Amino acid sequence: AATEVCTRTTTGRAAFGSTTNALALGGGLTLYETAVNVTTLSDATNRYSMVVGFYDSTTANQVDAVSFVYDEGGVSTGSTASANWQVVTSSNSTRTWTTTTTAVGAGTWVKLGIIVNAAGTSVGFYINGTLVATHTANIPTGTARALGFGSQILKSVGTTARTVDIDYLQAEMEFTTPR
């Protein structure tokens with residue numbers, strides 16, 4: 001069953017996921033996967049950004065993150081105003097961005113996946129099972145850069161409700177050294 005994340009106010013925020021300090025990358029192979037449906041696209045009248053994956057804040061500008069971003073208005077620091085999915089790795093606010101060739105579609109389910117290698121030195125970003133970007137820089141690792149995981153929508157303009165449906169969320173870490 002799908003969960004709906006919805007925000008109605010101009011600066012409203014809504015999220016589905018863990019606390020913002022649930023895990024530390026670099027201690028084992030780490031996976032994240034979800035299926036999302038952006039029901040209505042962001043526009044100049046009702047603008048929002050969306051962060052999906054690993055992150056440490058409930059704001060558009062993540063200090064530490066390994067995530068997909070939908071940011072049609074270019075609200076997040078370093079992102080591009082784009083109708084396409086973007087990916088970001090950010091460690092202590094130093095960011096690496098890639099804009100994919102995959103457009104965010106209204107009313108279309110999409111599977112987003114992230115695979116972080118065991119050492120936390122490489123990240124693969126997948127859309128519907130296809131690798132769309134690999135990052136090897138600015139990957140937050142260790143407990144000082146702890147992250148949460150999930151999906152969040154962050155409204156910045158307008159008061160009309162905007163929603164994102166989430167079918168499932170899976171986050172998993174296979175520890176290099178078992179506990």
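**An open sheet, a small set of loop residues and one cavity**

In this predicted model, six strands come together as an open sheet, in the order E2-E11-E4-E5-E6-E7, and the pairing is antiparallel. Strand E2, covering residues 13-17, sits at one edge, and strand E7, covering 94-103, is the other edge strand. Each of these two pairs on one side only. Going from one strand to the next, the twist averages 20°.

Within the sheet, the pairing of E4 with E11 can be followed residue by residue. Strand E4 takes in residues 48-55 and strand E11 residues 148-155. The two run antiparallel, and eight bridges join them. Phe 54 is a handy landmark here, since it stands opposite Phe 149 in E11.

Next comes the empty space inside the protein. Rolling a probe the size of a water molecule over the atoms shows where such space is left. With the cut-off put at 30 Å³ or more, the count comes to one cavity. The largest cavity has a volume of about 50 Å³. Its lining is made up of Ala 60, Gln 62, Val 69, Ser 76, Val 88, Ser 90, Arg 95 and Trp 97. Strand E6 (84-91) and E7 are the elements that give two or more residues to this lining. Sorted by class, the lining of the largest cavity is a mix: four residues are nonpolar, three are polar and one is charged.

That leaves the backbone, where two residues have a positive phi without being glycines. One is Ser 93, with a phi of about 70°. Ser 93 belongs to the loop that lies between E6 and E7, and E7 is, as noted, an edge strand of the sheet. How far is Ser 93 open to the outside, in terms of relative accessible area? The value for Ser 93 is 36%, so this serine counts as partly exposed.

The other is Asn 138, with a positive phi of about 60°, and again this is not a glycine. Asn 138 is found in the loop between strand E10 (130-135) and E11, and E11 is the strand that is joined to E4 by eight bridges. Asn 138 has a relative accessible area of 24%. The cut-off for buried is under 20%, so Asn 138, at 24%, also falls in the partly exposed class.

Note on methods. Residues numbered from 1 in each chain as written. Predicted model: local features only at pLDDT ≥ 70, side-chain atom pairs only at ≥ 80, totals over all residues. Heavy atoms only, no water. Pairing = 2+ DSSP bridges. Helix = DSSP H or I, 4+ residues; strand = E, 2+ residues; numbered from the N terminus. Axes fitted to C-alpha atoms, helices over the stretch in contact; angles between N-to-C directions. 1 Å grid on protein atoms, 1.4 Å probe; cavity = no way out; pocket = protein on both sides within 12 Å on 5 of 7 lines; lining within 4 Å. Points joined across faces, edges and corners; volume = space filled by probe spheres on them. Nonpolar A, V, L, I, M, F, W, Y, C, P; charged D, E, K, R; others polar. Buried < 20%, exposed > 50% of the residue type's maximum accessible area, 1.4 Å probe, protein only.
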